[in-house]
Amino acid sequence: MRLTYTSDVWWKNAVVYCLDVETFKDGNGDGVGDFRGLTQQIDYLAGLGVTCLWLMPFFPTPNRDDGYDITDFYSIDPRLGTLGDFVEFMRTANDRGLRVIADLVVNHTSDQHPWFKESRKSKDSPMRDWYVWSDTPEPDDPKQVVFPDKEDSIWQYDKGSGQYYLHSFYRHQPDLNVGNPEVRDEITRILGFWMELGLSGFRVDAVPFLIENVSPKLADPHEFLADLRAFMTRRKGGSILLGEVNVPYKELLRYFGEGLGDQITMCFDFIGMQSSWLSFARNSARPLMDALRERPRAPKDCQWAMFLRNHDELTLDKLTDAERQEVFEAFGPRKDMQIFGRGLRRRLPTMFGGDLRRIKMAYSLLFSLPGTPVVFYGEEIGMGENLDEEGRMAVRIPMQWSEDGGFSQTEDTVREIPEGSFAPDRVNVADQKRDTDSLLRWFQLLIERYRECPELAWGQYTVLDTGDDAIFSHRCDADGATVVVAHNLCDTAKDVELRLDGLEHCDLTDLLVDGTIKVSADGTAKLALGPHGCRWLRASPPELPPEDASVMSQ
Ligand code: NOJ
């Protein structure tokens, strides 16, 4: 596998870093993060080793859903800067070799968007069909209501024009109607606009809602996704769509475009994520093993996007009620830690009680799982949450740069800085840069190793049976090169025996700590794992230096 090839298909082993400009770094001292502040931190991000930034919405917005309620798709929220600042940021990111993708939130607009204001004027408005209207909406199925704390229906009566409009999310977010060809054209223009300004793609918000909740129904809703991808590829080969598609594995392949892989380039592995949390709660690898064994292969040039936490609630909606309850009990027993009856509004380190060994193991697992890792800003230093913030904002708190916060020069910041054991004086970038044992340095090592082991992302993976439920172990094989990985989910040391067919007599060189293990003539290897220990091992025949056994050197 040549580097010239893996760099063409760059997303397949990218490291994606999600951030919100608003909470990352304030460059002008008004308490709100902005593009100037972010631009000044590009070297930090490049030094961390991430390869692609995902920017949460940065468009003009009344901010009733943290920017996921947009009033102009072609501009920048003035609190965050100007288009000029955006272009300067893009140039600097590209200069440091970073790609950038942005949230594409076109399932809906804000109700303050000029399109909706026009649409709701009357039934005869020329833009009426840009949204989904009905005289007699179907009765609500409670399962369709995404935010049950605020809404009890997905239809809202509009007195002025005498019809109901559809809103899959909040009532102030009317659904755009991609059943209307003018809307589909406009969405394409939005993609084209930002691609001209340098974006390498988009994280597509709420994909199933976007293509299904339309009027009239599209003959083939997936054709629209294929059209978008084709447009992007025409304009700029190698641009991608990263899809928020939280549906069972069976249904997911359609979003990639089945065997063709011509729709969503990468889909988040929501099932793998939820299974990981059940595994953590039980200290048992079984749920994650089952998920990865069941997971379909992504089509050629497509990829699974792996994550443990994101900007939303830690959704556990695909677990059974009893399983969800287990995770709640383990990681968020208090009602104020839970949200929507299906998720947790906490970050990972607090859920692990600050246990650094366990936190490091969890991220080692994330970076070694087959797919492209996506991290949420602040995960690399182990930031906690602030439960005093409303709903999901608990995890969207200002980035902690230094002992005194370092996010802004003013104390009056966009969101409250947390106090207690995860406050900036305990958890910050500056301190962790000086500490070789810090989580930040661990992230750097994991990212470096992940990038050096394309087998993990590109290879054929096999989940291994170890006979011990606490151990998650897998191997990834690509073009005759192999990486073997093992994680101990529990806090007691373990000795494990792995069956490694085809690797008889090979050396296994540890990529995270010192150490070499021999695979015996019968294809077994004995491995010691400390409490919450983790090992990444490169296999090489005894006559070959391990560095030359990587798929990269072929
Ligand atoms: C999904 C986003 O991730 C979430 O933050 C947002 O509230 C909804 N879509 C509605 O846009």
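Gly257 follows helix α10 and has a positive phi, near 95°. The model is predicted. Helix α10 spans residues 249-256 and has a buried side. The ligand is 98% covered by the protein. The largest nonpolar core counts 157 residues.

**Helix α10**

- Tyr249, Leu252, Tyr255 and Phe256 are the buried residues named in α10.
- These residues lie on the same side of α10, because they cover an arc of only 95° around the axis.
- The buried residues of α10 pack against three helices numbered before or after it, namely α8 (207-212), α9 (221-235) and α11, and also against α12 (286-294).
- Strands β9 (266-268) and β10 (303-306) are also packed against by the buried residues of α10.

**Helix α13**

- Helix α13 covers residues 321-331, with Arg324, Val327, Phe328 and Phe331 buried.
- The buried residues of α13 line one face of the helix, because they fall within an arc of 105° when seen down the axis.
- Ala322 and Glu329 are exposed on the other side of α13.
- Among the packing partners of the buried α13 residues are the helices α11 (270-282), α14 (348-351) and α15 (356-368).
- Strands β12 (338-339) and β13 (343-344) also pack against the buried residues of α13.
- Helix α11 is thus a partner of the buried residues of α13 and of those of α10.

**Ligand site**

- Acidic residues around the ligand include Asp65, Asp205, Glu244 and Asp312.
- Tyr68, Phe147, Phe169, His108 and His311 are also among the residues around the ligand.
- Arg203, Arg392 and Arg396 belong to the surroundings of the ligand too.
- In Arg392, a side-chain N or O atom is 2.9 Å from a ligand oxygen.
- For Arg203, a polar side-chain atom lies 3.1 Å from an oxygen atom of the ligand.
- For Arg396, the distance between a side-chain N or O atom and a ligand oxygen is 3.4 Å.
- On its own, the ligand has 290 Å² of accessible area, and the protein covers 98% of that.

**Nonpolar cores**

- Nonpolar side chains tend to be buried together in soluble globular proteins.
- Within the largest core, of 157 residues, Tyr17, Phe89 and Trp277 have the most contacts.
- Phe89 touches Phe35, Leu38, Thr39, Ile42, Leu53, Leu55 and Val100, leaving aside residues up to four places away in sequence.
- A second core is separate and has 17 residues, including Leu464, Cys506, Val519 and Leu537.

Definitions and conventions
Residues numbered from 1 in each chain as written. Predicted model: local features only at pLDDT ≥ 70, side-chain atom pairs only at ≥ 80, totals over all residues. Heavy atoms only, no water. Buried < 20%, exposed > 50% of the residue type's maximum accessible area, 1.4 Å probe, protein only. Helix = DSSP H or I, 4+ residues; strand = E, 2+ residues; numbered from the N terminus. Arc of directions from axis to C-beta. Contact = heavy atoms within 4.5 Å. Near = heavy atom within 4 Å. Polar contact = N/O pair within 3.5 Å; in protein donor to acceptor, adjacent residues only side chain to side chain. Areas by Shrake-Rupley, 256 points an atom, 1.4 Å probe, with all protein chains shown as cover. Core = buried A, V, L, I, M, F, W, Y, C linked by side-chain atoms within 4.5 Å.
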